[in-house]
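Colleague: I am new to reading protein models, and I would like to go through this one slowly with you. Could we take it as a series of questions and answers?

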Amino acid sequence: MDQKIISLRERPELKEQAAAWFHEKWGVPLKEYRDSMDACLNGGGAVPQWYMVMENSRIICGMGVIENDFHNRKDLSPNVCAVYTEKDRRGRGIAGALLDHVCKDMSSMGIDTLYLLTDHTSFYERYGWEFLCPVQGGGETEMSRMYIHRARQKGR
């Protein structure tokens with residue numbers, strides 16, 4: 001099957017499909033995704049950004065980069081968010097490949113440190129992420145795990 005990593009800024013015509021897909025996966029209001037994607041397409045800055053893995057015309061994996069993923073540590077920014085892989089495509093390294101792509105793309109735009117809020121353990125470490133600290137997610141009673149990824153410096 002033909003899979004391709006794309007950024008929304010390269011394929012703006014996918015905005016509505018992508019917004020609906022992320023909304024379906026995470027339940028965040030559709031308007032929030034549309035607004036963030038509009039900012040990605042019109043803002044000209046490095047953040048926000050949105051990325052998908054397409055299999056023909058189907059989104060099978062996606063994630064974004066936003067300032068804050070609904071947590072109390074505003075100093076830990078920007079955040080990779082909304083990481084999701086379709087259940088029938090998991091376990092194939094697709095999310096890891098997309099994570100690597102996102103980190104490199106953000107580094108090419110001058111952002112060498114990214115953060116990620118999750119309840120998962122062990123998955124992100126495989127892709128160079130390190131546990132940083134527990135943080136309080138918005139509306140959450142339990143603490144969540146904050147991870148950090150630093151781009152490798154050239155020459156190291």
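Modeller: Let us begin with charge, where Lys and Arg count as positive and Asp and Glu as negative, while His and the chain ends are not counted. The place of a charge is taken as NZ of Lys, CZ of Arg, CG of Asp or CD of Glu. Please keep in mind that this is a predicted model, in which local features need pLDDT of at least 70 and side-chain atom pairs count only at pLDDT 80 or more, whereas totals for chains, interfaces and linings use all residues. Residues are numbered from 1 along each chain as its sequence is written, and side-chain values use heavy atoms, with hydrogens and water left out.

Colleague: How far apart do the centres of the positive and negative side chains lie in the protein?

Modeller: One set holds 21 positive side chains and the other holds 22 negative ones. When the centre of each set is located, the distance between the two centres comes to 4 Å.

Colleague: In what order do the helices and strands run from the N terminus?

Modeller: Helices (H or I, at least four residues) and strands (E, at least two) are DSSP runs, numbered from the N terminus. By that reading the protein has three helices and seven strands. Written from the N terminus on, the order is β-α-α-β-β-β-α-β-β-β.

Colleague: What radius of gyration does the protein have, and what does the globule rule give for 156 residues?

Modeller: The radius is taken over C-alpha atoms, and the globule rule is 2.2 Å times the number of residues to the power 0.38. For 156 residues the rule gives 15 Å and the radius of the protein is close to that, so the protein is as compact as a globular protein of that length, with a radius of gyration of 15 Å.

Colleague: What share of the residues in the protein is buried?

Modeller: A residue is called buried under 20% relative accessible area, exposed over 50%, and partly exposed in between, with a 1.4 Å probe and protein chains only. Among the 156 residues of the protein, the buried share is 46%.

Colleague: Why does the salt bridge between Lys15 and Asp38 tie together parts that are apart in sequence?

Modeller: Side chains of opposite charge can pair when their charged atoms come close. A salt bridge is a side-chain nitrogen of Lys or Arg within 4 Å of a carboxyl oxygen of Asp or Glu, and Lys15 and Asp38 meet this with an N to O distance of 2.6 Å. Because Lys15 lies in helix H1 (residues 15–26) and Asp38 in helix H2 (residues 30–43), the pair ties together parts whose separation in sequence is 23 residues.

Colleague: Is Lys15 buried or exposed, and which residues share its salt-bridge network?

Modeller: Lys15 is buried, with a relative accessible area of 17%, while Glu16 is partly exposed at 39%, and these two side chains form a salt bridge at 3.9 Å, N to O. Glu16 also forms a salt bridge with Arg34, whose closest N and O atoms are 2.9 Å apart. Since Glu16 lies in helix H1 and Arg34 in helix H2, this pair ties together parts 18 residues apart in sequence. Through shared partners, the network is made of Lys15, Glu16, Arg34 and Asp38.

Colleague: Which residues does Trp21 touch, not counting those up to four places away in sequence?

Modeller: Trp21 has its place in helix H1, and with 8% relative accessibility it counts as buried. Its C-alpha atom is separated by 9.7 Å from that of Cys61, which is 40 residues apart from it along the chain. Contact means heavy atoms within 4.5 Å, and by this rule Trp21 touches Ile59, Ile60, Cys61, Gly62, Tyr84 and Glu86.

Colleague: With which residues is Asp105 in contact, leaving aside its neighbours within four places in sequence?

Modeller: Asp105 is found in helix H3 (residues 94–108). Its relative accessibility is 12%, so Asp105 counts as buried. Beyond those neighbours, the contacts of Asp105 are Arg9 and Tyr51.
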